[in-house]
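Reader: Could we go through this structure together? I should like to start with the overall picture and then turn to single residues.

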Amino acid sequence: MSPLLISLSAAAGAAGGALVPLTAYRLSVPADEPSRTACTSCDAPLRRGVGGWVRLHARCSACGARLGPPAWLTAAAAATASGLLAAALDATLALPLYVALAILGVLLAVIDLSCKRLPRTLVFPAVWISASLFAVIAAVTGDWGALLRAALAAVVLGSAFLVLYLLPGRGLGFGDVKLAVLLGLFLGWLSWGAVLLGALLPWLVNGPVAIGLLLTRRVGRKSWLPFGPAMLVGALLSVLCVGWLRTFARG
């Protein structure tokens with residue numbers, strides 16, 4: 001476990017997480033609506049181009065209203081997740097991919113909590129780009145077994161969530177199915193144990209949250225809670241468990 005590697009990963013996570021708010025703000029809309037093009041406080045149009053999507057100072061240039069969640073919060077969340085991943089995985093060629101997933105995960109969690117959706121414009125490209133980069137790593141390291149396991153895990157986890165999505169009273173959205181494919185890819189690269197934990201832990205994470213919200217009457221029994229954040233936290237915990245168990249086994 002390298003303190004320098006952990007620090008660098010946390011710094012990269014913080015930098016990426018700080019850029020999340022504006023993108024999250026623009027994409028936090030119902031599935032049948034286009035992304036936001038104006039400030040909801042004063043109707044001033046947002047910038048065009050890259051600056052209108054990724055900017056450190058996420059505030060409306062006209063009224064000064066904050067666009068999206070506080071940048072310090074998203075930066076802290078991504079930095080924490082990235083540092084923990086670096087501590088669990090240590091020096092590996094795949095670590096930058098996991099740090100990128102941590103940043104994307106914060107973005108997806110913010111959007112899901114805001115409007116209960118996981119945009120396919122983010123998840124689908126992430127699946128194909130990640131799969132391609134894992135293939136490059138497999139070609140460099142010769143670890144084709146990990147690549148095959150990752151591909152199979154993406155299919156298995158995605159299929160399992162698809163079955164749950166199709167069940168009556170499922171409580172899951174199709175975005176959760178797409179996210180399961182992406183997370184299956186990353187968890188499968190590590191081990192089948194990580195995949196199993198990644199499938200089970202989200203329910204353990206979401207359960208206490210749902211009970212707490214019910215007891216405080218913030219939601220009703222038929223309320224639909226976003227499940228994406230629980231999936232992302234569960235995946236993080238599974239990676240940490242597998243990584244630390246490997247470290248313990250090595251003595």
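**Burial, fold and single residues**

Author: Of the 251 residues of the chain, 45% count as buried, where buried means under 20% relative accessible area, exposed over 50% and partly exposed in between, with a 1.4 Å probe and protein chains only. This is a predicted model, in which local features need pLDDT of at least 70 and side-chain atom pairs count only at pLDDT 80 or more, while totals for chains, interfaces and linings use all residues. Residues are numbered from 1 along each chain as its sequence is written, and side-chain values use heavy atoms, with hydrogens and water left out.

Reader: How many helices and strands are there in the chain?

Author: The chain has nine helices and zero strands. Helices (H or I, at least four residues) and strands (E, at least two) are DSSP runs, numbered from the N terminus.

Reader: What radius of gyration does the chain have, and what would a compact globule have?

Author: The chain has 19 Å, which agrees with the value near 18 Å for a compact globule with 251 residues. The radius is taken over C-alpha atoms, and the globule rule is 2.2 Å times the number of residues to the power 0.38. Along its principal axes, the C-alpha trace spans about 55 × 45 × 30 Å.

Reader: And how much area does the chain expose?

Author: About 13000 Å² is exposed, and carbon and sulfur atoms supply 69% of it. Accessible areas come from the Shrake-Rupley method with a 1.4 Å probe; for residues, only the protein chains shown count as cover.

Reader: Among contacts between residues at least 6 apart in sequence, what share joins residues at least 24 apart?

Author: That share is 72%, with contact meaning heavy atoms within 4.5 Å.

Reader: Let us turn to the interior. Which residues of the largest nonpolar core touch the most other members?

Author: They are Tyr-98, Leu-108, Phe-134, Phe-161, Leu-179, Leu-182 and Trp-189, out of 58 residues in this core. A nonpolar core is a set of buried Ala, Val, Leu, Ile, Met, Phe, Trp, Tyr and Cys residues joined through side-chain atoms within 4.5 Å. Elements that give two or more residues to it include α4 (95-115), α5 (120-141) and α9 (228-250). With 14 residues, α4 gives the most to this core.

Reader: What is Phe-134 in contact with?

Author: Leaving aside neighbours within four places in sequence, Phe-134 is in contact with Ala-94, Leu-97, Tyr-98, Leu-147, Leu-185, Phe-186 and Trp-189. Another core, of nine residues, lies apart from the largest one; among its members are Cys-39, Cys-60, Ala-65 and Leu-67.

Reader: Is Ser-238 buried or exposed?

Author: Ser-238 is buried, because its relative accessible area is 0%. Its place is in helix α9, and it touches Leu-187, Ala-194, Leu-197, Gly-198 and Leu-201, not counting residues up to four places away in sequence.

Reader: Where does Arg-246 lie?

Author: Arg-246 lies in helix α9 as well, but it is partly exposed, with a relative accessible area of 40%. Beyond four places in sequence, Arg-246 is in contact with Leu-190 and Ser-191. Its C-alpha atom is separated by 9.2 Å from that of Leu-89, 157 residues apart along the chain.

Reader: And Arg-59, where is that?

Author: Arg-59 lies in the loop between α2 and α3 and is partly exposed, at 36% relative accessible area. Outside four places in sequence, Arg-59 is in contact with Gly-64, Ala-65, Arg-66 and Leu-67.

Reader: A change of topic: which residues form a nonpolar patch on the surface?

Author: Leu-19, Val-50, Val-54 and Leu-56 form it, with about 370 Å² of accessible area together. Patches are made of residues with over 30% relative accessible area and no salt bridge; like charges are joined within 9 Å, nonpolar side chains (Val, Leu, Ile, Met, Phe, Trp, Tyr) within 5 Å. A salt bridge is a side-chain nitrogen of Lys or Arg within 4 Å of a carboxyl oxygen of Asp or Glu. Val-54 lies in the loop between α2 (20-27) and α3 (71-89) and counts as partly exposed because its relative accessibility is 38%.

Reader: Finally, what is the phi of Asp-43?

Author: It is near 65 degrees, a positive value in a residue other than glycine. Most residues other than glycine have a negative phi. Asp-43 is found in the loop between α2 and α3 and counts as exposed, at 62% relative accessibility. Lys-116 also has a positive phi, near 55 degrees, and lies in the loop between α4 and α5.
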